[in-house]
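Biologist: Hi, I'm new to this one. Can you put it up on the screen and walk me through it?

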Amino acid sequence: MKLVFWLLDINTKIQNDNVDLWLWAIDKSGNRVLLVDHGVTAYFYAVLHDGAEGSYIAKNIMLSYRSIVTKTEIVQRRFFGKRVAAIKIYCKKAVQIAKVAEHIRKHDGISDCYEDDIRPTMRYLRDNGVIPCSWHQVEAKEEKNIPDTRATKVYSINSPPIPLENNSFTPDLRLLAFSMICYSSEGAPKPDLNPVIVLSTVTNNGFEKQFVASQNKDDTTIIQEFMTYIRSFDPDIIVSYGANRTDWTYLRERSHKHGFLLNFDRASSEPHKGVYGHVSTTGIVNIDLADFSNMFPEVKVQNLANFAKNLGVTIERKRIIDETSFADFWDTPQKNAELLQYGLDNAHRVYGTIKLLIDFSIQLSILTLMPLDQVMSAATGFRVESYLIKQAQKIGEIVPRRLEQTYVPYTGGLVLLPKPGLHENIAVLDFKSMYPNIMITYNLSPDTYIQAGDPEPSEGVYVAPEIGYRFRKSPPGFYNEALTHLLNIRAAIRQKMKQQTTRTVEYQVLNARQKALKIITNAIYGYAGWIGARWYIKPVAEAASAWGRHIIWTSSQMAKNDGVEVIYGDTDSLFVKYDKTKNEKLQADIQQTLKLEVEISHVYVRVFFSEAKKRYAGLRQDGSLDIVGLEVIRGDWAEVAKRVQQHVLEIILKVQSPEKAIEYVKSIAIDLQHNRIPLEDLIIWKTLTKPPKNYAVRAPHVQAAKMLIARGARLTIGDKVGYVIQTGKGPLFSRAIPYVFAKIDNVDSTYYITNQVLPAAARVLKSFNITERNLEAIIKEEKTKRLIDYF
DNA sequence: GCGTTCAATGTACCT
DNA sequence: ACAGGTACATTGAACGCG
């Protein structure tokens, strides 16, 4: 029978060395179905030496490995752009590939073997043009003997599915968001000791359900009921915040302790570690919102509440209960209701957030061919690579192996020295998608690079400035085609979006798609210079940045020659004095000379620069402030210092009165002296970048982390530690204390004045001849004045 | 023994 | 585990001085 389905998830099933492909899907009637393909082809390439006798070698291989190799073909392919002849070697079983390739690699006449390291799921999707999160059609036969699976029907298929043309709509997916609370009276909960007390769930039909441990904190029943509930609701997607790191392992260990398995997924298996640090739940897309955090660097302290709030998902209740208080809330009957509500709130936060991000995830999955449950947990480099592997197939490029490479840095973008002080009417010129466009214009790609000493091709070369690397002008390289493709599709989508007046579902999908395209496009330059890349060729990235420097430098010279004052510039932007006529002429000249598009992204009414690069503040025409690089937007300064600097900047840029700014700084300093600033505004957050004992110096946040760990907290690399500085003798690090243990009366207000508020304020006021010393003196003066008043 | 100087360490930012 | 460029605070050893 013919079956039309939407592909939700894909996994391999290995039984007696046989690799089957399992496609979890939703059919047109909304049935959850499983398609099993028993006939997956497994192959790899053995690239031949120049002039090697391919057919002879192939015959030999067939003979030597006749129990394993089923077929060989001589094929023409490309490898780093070079034409190569290769033997495509088909094996009976996918599990044998790596071993066979290892042997054949050493054969006479074979230069190397490739693509034995491509995962069977990727191979299947790529070779057959099957796309995750998309509709397909296939000839299917009902199969009865696949036990232990939760699917309305199980089919076997003998030929791969064919994607349908009209792919745009997503079926109604069943979504379950959950959040877990554990009981621990001492420090971080440990699965061997501490029970799960509350499991809260919210589903897409608006239904809330909570599982609460018994009075004596026995979690046997709730974990079982939680699983029963999952099985009966049968979600397609299960979402959490942080479950890949904690909840799944925790629940698993609790279950095992009680003597049962956490086997709620559609194949009755337990959550298990997959690729890219991801946890797989077979047949169910497991999404962890914590994996999205690098998309939102503006959220400085990563947690569910901040994350949700940043996206506009707010819960009416204001109270956040600290993890360390869960036990107290459980033990105090009057607080029970609040604890339960908090759990439910979190499940709602998870649900509200994934609703905003699911379209993007789906689009990224479609673009990269990575299954939906992997794409968000995969690092950028692997997403780019997955996209490139898909593209490589189209041009017959063999996928290189990942090699151990030594890291050798190269020169990057050019940053111009800013002109310090206040400037009026400043236009910001931006090169649109600079690196992608440079790579297209100069055909920078692993397969167009001409190695030093190699002869120049007849079609000519582009020579990178400063470094002199050469790239053949034609044909278009692998990256060139990929980038052109990405940019063109994105432009088309944005055009389509412009035609839409209302925010339809289609608009949302288009928007998600263009975002996915954008992040992949922008990451290709970085990928090219990444030593972990399969297609790593350092000169490609090096040449792109060399052209970038040349372009920004030349443009700044052109501006000067046109009588346009240049205030600042960084990599792909130029800050210049605004003059409509002159700017537009410059824009046109740059475009003509340098072959890259420039736009005037905005004009500042007034902009402030200190002497430092990468730090400035600009006043926009609508009255808003852009603050860049300064303490205000840094996560490792106390809130009080950031607020002071923000106000100082506003006063300087709007009112333009340093005196008023000083008054303000003074008032806060005095508030600090009198402990009138709440403790939470004094917390300094810093990230642990290694295990505390590995630090070479004694740093405040490390000391604070050690104190937290001593009290049972679970802290790992990447966690933020919040501390405050207390009064006392000795160096700073000895006076740092985790903010949860701190008391406002013990806070060292002098530190906050001299090392936080004053430097932050002086960063701006120095340009107006007010130094930290001045400020300090003014504050002291105020203090004595008060004393005199007092006496 | 004490204050000053400066490289090293560490973190977070910009494009 | 996409790149390099940059600012800045704090530590801690080296240094100079008395």
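Modeller: Sure. One starting point is Cys 133, which is buried, with a relative accessible area of 2%. Bear in mind that this is a predicted model.

Biologist: And Cys 182, buried or exposed?

Modeller: Cys 182 has 8% relative accessibility, so it counts as buried, because the cut-off for buried is under 20%.

Biologist: How many disulfides turn up in the whole structure?

Modeller: Zero, after a search of the whole structure.

Biologist: OK, on to the DNA. Which residues are closest to DNA strand B?

Modeller: Asp 572, Thr 687, Thr 689, Tyr 695 and His 701 are the closest, out of 21 residues that surround the strand. By class, the surface near strand B has nine charged, six polar and six nonpolar residues.

Biologist: Which parts of strand B does the protein meet, then, sugar and phosphate or bases?

Modeller: Of the strand B atoms within 4 Å of the protein, 93% are sugar or phosphate, and the rest belong to bases. For a phosphate example, take Thr 687: an N or O atom in its side chain is 2.6 Å from a phosphate oxygen of DNA strand B. Arg 634 has a side-chain N or O atom 2.8 Å from a sugar or linking oxygen of that strand.

Biologist: What about a base on strand B? What does Lys 614 do there?

Modeller: The side chain of Lys 614 has an N or O atom 3.0 Å from a base oxygen of DNA strand B.

Biologist: Now DNA strand C. Which residues come nearest?

Modeller: Gly 381, Tyr 410, Gly 412, Lys 613 and Phe 733, of the 28 residues around DNA strand C. Here the classes are 15 nonpolar, eight polar and five charged. Of the strand C atoms within 4 Å of the protein, 88% belong to sugar or phosphate and the rest to bases.

Biologist: Got specific contacts for strand C?

Modeller: A few. Ala 523 uses its backbone, with an N or O atom 3.5 Å from a base oxygen of DNA strand C. A polar side-chain atom of Tyr 751 lies 3.0 Å from a phosphate oxygen, and a side-chain N or O atom of Arg 763 is 3.3 Å from a phosphate oxygen of DNA strand C.

Biologist: Which elements give two or more residues to that surface?

Modeller: Helix H10 (380-395), helix H13 (505-528) and helix H19 (749-765) do.

Biologist: Back to His 701, from the strand B list. What helix is it in, and which residues there are buried?

Modeller: His 701 is in helix H18, residues 700-710, and is itself buried, along with Pro 700, Val 702, Ala 704, Ala 705 and Leu 708. Their cover includes strand S28 (684-687), strand S29 (720-725) and strand S30 (736-738).

Biologist: What happens just after H18?

Modeller: Gly 712 takes a positive phi of about 100° there.

Biologist: Last topic, aromatics. How many pairs does the structure hold?

Modeller: There are 34 aromatic pairs. One of them is Phe 326 with Tyr 342, a tilted pair at 6.1 Å centre to centre and 45° between the planes. It links distant parts of the chain, with Phe 326 in helix H7 and Tyr 342 in helix H8, 16 residues apart.

Biologist: Are those two buried or exposed?

Modeller: Phe 326 and Tyr 342 are both buried.

Biologist: Which residues do ring pairs link into a cluster?

Modeller: Phe 178, Phe 211, Phe 226, Tyr 229, Phe 233, Trp 248 and Phe 264.

Definitions and conventions. Residues are numbered from 1 along each chain as its sequence is written. Chains are lettered from A and ligands numbered from 1 in the order in which they are written. This is a predicted model: local features need pLDDT of at least 70, side-chain atom pairs count only at pLDDT 80 or more; totals for chains, interfaces and linings use all residues. Side-chain values use heavy atoms; hydrogens and water are left out. A residue is near a molecule or strand if one of its heavy atoms lies within 4 Å of it. A polar contact is a pair of N or O atoms within 3.5 Å; within protein, one must be able to donate a hydrogen and the other to accept it, and residues adjacent in sequence count only if both atoms are side-chain atoms. Ala, Val, Leu, Ile, Met, Phe, Trp, Tyr, Cys and Pro count as nonpolar, Asp, Glu, Lys and Arg as charged, and the others, Gly among them, as polar. Helices (H or I, at least four residues) and strands (E, at least two) are DSSP runs, numbered from the N terminus. A disulfide is a pair of cysteine sulfur atoms within 2.5 Å. Buried means under 20% relative accessible area, exposed over 50%, partly exposed in between (1.4 Å probe, protein chains only). Contact means heavy atoms within 4.5 Å. Rings of Phe, Tyr and Trp (its six-membered ring) pair if their centres lie within 6.5 Å; planes under 30 degrees apart count as stacked, over 60 as edge-to-face and the rest as tilted.
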